[in-house]
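Let's take a walk through a structure together. Keep the picture in view and follow along, one part at a time.

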Amino acid sequence: MLHLLDKPLAAAKPSRRSFLKLSAGAAGGLLIGLNMPYGSGAAKAAEGTAEFAQPFVHIRPDNKVVVISKHLDKGQGAATGLATLVADELDADRAQVEVEFAPSNPEVYKNLLFGLQGTGGSTAIANSFLQYREAGAAAKAMLVAAAAKQWEVDPASVTVEKGMVKHGSGKQATFGELAGAAALQDVPEKPKLKSPDEWVYIGKSFPRVDTKMKTVGAPSTYGMDVQHENMLVAVLARPPKFGSVPKTFDASEAKKVKGVIDVISVPSGVAVLAESTWPAIKARDLVEVEWDESAAETRSSSEMLADLKSMTGEPGLEAHVHGDAEAGLANAAKIVEADYTFPFLAHAPMEPLDATILFDGKSATVWTGSQLQTIDHNVTAGVLGLSPENVKIETLWAGGSFGRRAQPDSHPVAEAAHLAKAWADAGNAPRPIKVVWTREDDIKGGYYRPMVAHKVRVGLDADGNPLGWHHRVASKSILIGSPFEQFLVKEGVDETTAEGVTDMTYTVPGIRVEVHNAKTAVPVLWWRSVGHTHTAYVMETMIDRLAREAGKDPVDYRMALLKDDPRKLGVLKLAAEKAGWGDPLPQGRYRGVAVQKSFNTYVAEVAEISFREDGTVKVEKVTCAADCGIPVNPDNIRAQVEGAVGYGLGAILRNEITLTDGEVDQANFDTYLPIRISDMPQVEVHIVPSTEAPTGIGEPGTPPVGPAVANAIAAAKGEWVSELPLSKHGLA
Amino acid sequence: MAVNVTINGVERSIDTDPETPLLWVLRDELKMTGTKFGCGIAQCGACTVHLDGYPTRSCQTYLSDVEGASITTIEGVEGKAAEAVRAAWRELDVPQCGYCQSGQILAATALLTETPKPSDEDIDAAMDGNVCRCATYVRIRAAIHRAAETMEG
């Protein structure tokens, strides 16, 4: 999501002032009350309480260690990662550790790289690595101090192992027994951290904290599961074209459905409020709405794509310049040119969007898989005219996100708040309202990975080495107009548009990268790995084209050009070695390779493919090498890369959102075809041992799979697919 | 007219619109939210339950269809195959977001009940209707094989 990580950590840390500006942008001037306390985030134990409650660690009398996760867990394993960090420094037993999500409180729970409370950009572990270890170490020191006092011994003689506090005299106590006394000890300012050789969980094994509940269908896990006494469910009739708003509506048929309570217009559509979900879904289709389409996008996606392609034919905004690209092209022995296009993509997380709100006129609580809590918080306060201390955000586990729940405009929560306000304004007694998005609402609802066009020209010398690289990217900016614009847009250039091209580390004497910002009412958003979803595809298939022109092996060609990027070189070598690159392949099998750095993590992948009788591609195996610094939780790193390979592969095989006269053609999983188990290759993940600071792993496995598969197809057929998805070419 | 149906071994009489999908009866009427809403058109399998032992999409099964039937959901599924599946799921940490996993577990349990030693092709055939957007498929496949091993032992 965000790319602050590409800068040194200290420089990336936004000041209090920038946080306030950011909040103002997000909520449209909703600064009221931001200087007031947000409430009880950092609970302090009072004299006599038996619970230890520091902001990031609670220890309960029943001996449970509860790690308070400031990050949303949407499957990427952040909750387990944070628990791993605390449990290690605390020397807790794995079995006593649980995780709860933090309340919304940016002062205590901000993402240190964003300056607000939120998750994304593969930053959860990177920004928490020291903070959560220190929290665990501090809790351990306080337990030790409490035990030493009770036993009247020197704290230095007290040890902690697997959840037990012990002394040589034979005295011992559980964490739970000491919790109350530990809570009264001074919090050490700089607790002593373990050295890496003392780690018991970090870099080793710490099973997920959420597996058990996810195998029994536990209640109240996800936002969609929220059930309250007297709750209403809302499903909205949404505009068929982006940018249109409801003008008038006729709900007479909808209101005849048993269980329907009311039909209310809000800015995003017309909401049916019912006693339960099914009548709301049924009645939603019976609402007749006349839409004001004066600001609507009415083009078809084919026209939009043609517009993007023609933009790449014209000079654009300068995004990156190194040396003289034109001179390199002018002096070239050979020029390789290519145009690429990428469609809109929906994220389609398994749990469609939802948000539940209770507004009593004075305060409000929102229950949702909140990914940017501070923005959800301020937007709720703004819509309802409340000061922030009267708003609570209850974060639940999320059924996937892939970027979809990180909304800079908090639109699902804003919608719930508008509905709660309209309900209250009509004089109704307060009732909880759950807004449910159906799958159709999700697929047709926008906030897509932008449609993108690239135009690339590379000049090679007589030996096939690149001399000049000229690259244009045209796409709607994700960040312009969002509260993140002030940090990540410079002179009109959104740094996510061409990331992965602008920071290329292949040795090229002259590089020029330009971008065009296309305009459309179709809302766009970061999609797992953001700009790298398309730039890795272009970069890595271009490099393969150049290798062919140079008559070199694709791995050898890359290695020669990556002399100055040892970590990229490291993953490339490891993936090639593990995949048996260069070894003869069985008849009908082909290999392709790709490597990309994203979110400061390096991933190389080798895809091995075959073709089915109908000519479609079967991806047999993907061998991956990842370098994400210190591997905090190796099994989760493997899981994230496995999943990222599947997620990226599904998209390039056959996913595209298209529009006809402004209306989305796809609606559900019958028309937006998700990757299934029969499509899934074997995936092997190798982790590079490292002592570097940990970086993210939620996204970086995604970018290389597309180009690795495309390069394998080119190895078989001699041509690179430059218009995605592969299904457009009979390949999927 | 109330519909009589057995859910997780408990006989119930449910008096709501008989054209309501079983999914919403379970989730909203009975507050059993382990069965998930993913697509509503039987394309993703998140809402899978066992209907008289067979894996069935509850979003396209109406209350009126289940008069006299026996339904098992994630909250109630048990027996040798279910226990092996849950244990393998936990051993291999299969779930990521977990939203599809109720359906995956019910589909895998039905597969192993019918075919205790499934091949990869059997797994593809039985599990292809269950979408996982986190693409935990590598581990789903491994966990089914693992569960098959433990059932043998």
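Start with chain B, which splits into two domains: domain 1 covers residues 3–72, and domain 2 covers residues 80–152. Keep in mind as you look that this is a predicted model. If you take the centres of domain 1 and domain 2 of chain B over their C-alpha atoms, they sit 21 Å apart.

So how do these two domains meet? On one side, 13 residues of domain 1 of chain B make contact with 10 residues of domain 2 of chain B. Look for strand 3 (48–51) and strand 4 (54–57) of chain B, since each of them supplies at least two residues to the side of domain 1 that touches domain 2. Strand 3 of chain B gives the most to that side, with 3 residues. Sort the domain 1 side by class and you get 6 nonpolar, 6 polar and 1 charged residues.

Now zoom out to the place where the two chains come together. Chain B puts 46 residues into this contact, and chain A puts in 46 residues too. Which parts of chain B should you look for on the side that touches chain A? You'll find helix 1 (22–29), helix 2 (80–91), helix 3 (101–114), helix 4 (120–127) and helix 5 (137–152) of chain B, each supplying at least two residues there. Helix 5 of chain B gives the most to this side, with 4 residues. As for the kinds of residue, the side of chain B that touches chain A has 22 nonpolar, 13 polar and 11 charged ones.

Technical notes: Residues are numbered from 1 along each chain as its sequence is written. Chains are lettered from A and ligands numbered from 1 in the order in which they are written. This is a predicted model: local features need pLDDT of at least 70, side-chain atom pairs count only at pLDDT 80 or more; totals for chains, interfaces and linings use all residues. Two residues are in contact if their C-beta atoms, placed from the backbone, lie within 7 Å. Ala, Val, Leu, Ile, Met, Phe, Trp, Tyr, Cys and Pro count as nonpolar, Asp, Glu, Lys and Arg as charged, and the others, Gly among them, as polar. Domain bounds come from an automatic or database domain assignment.
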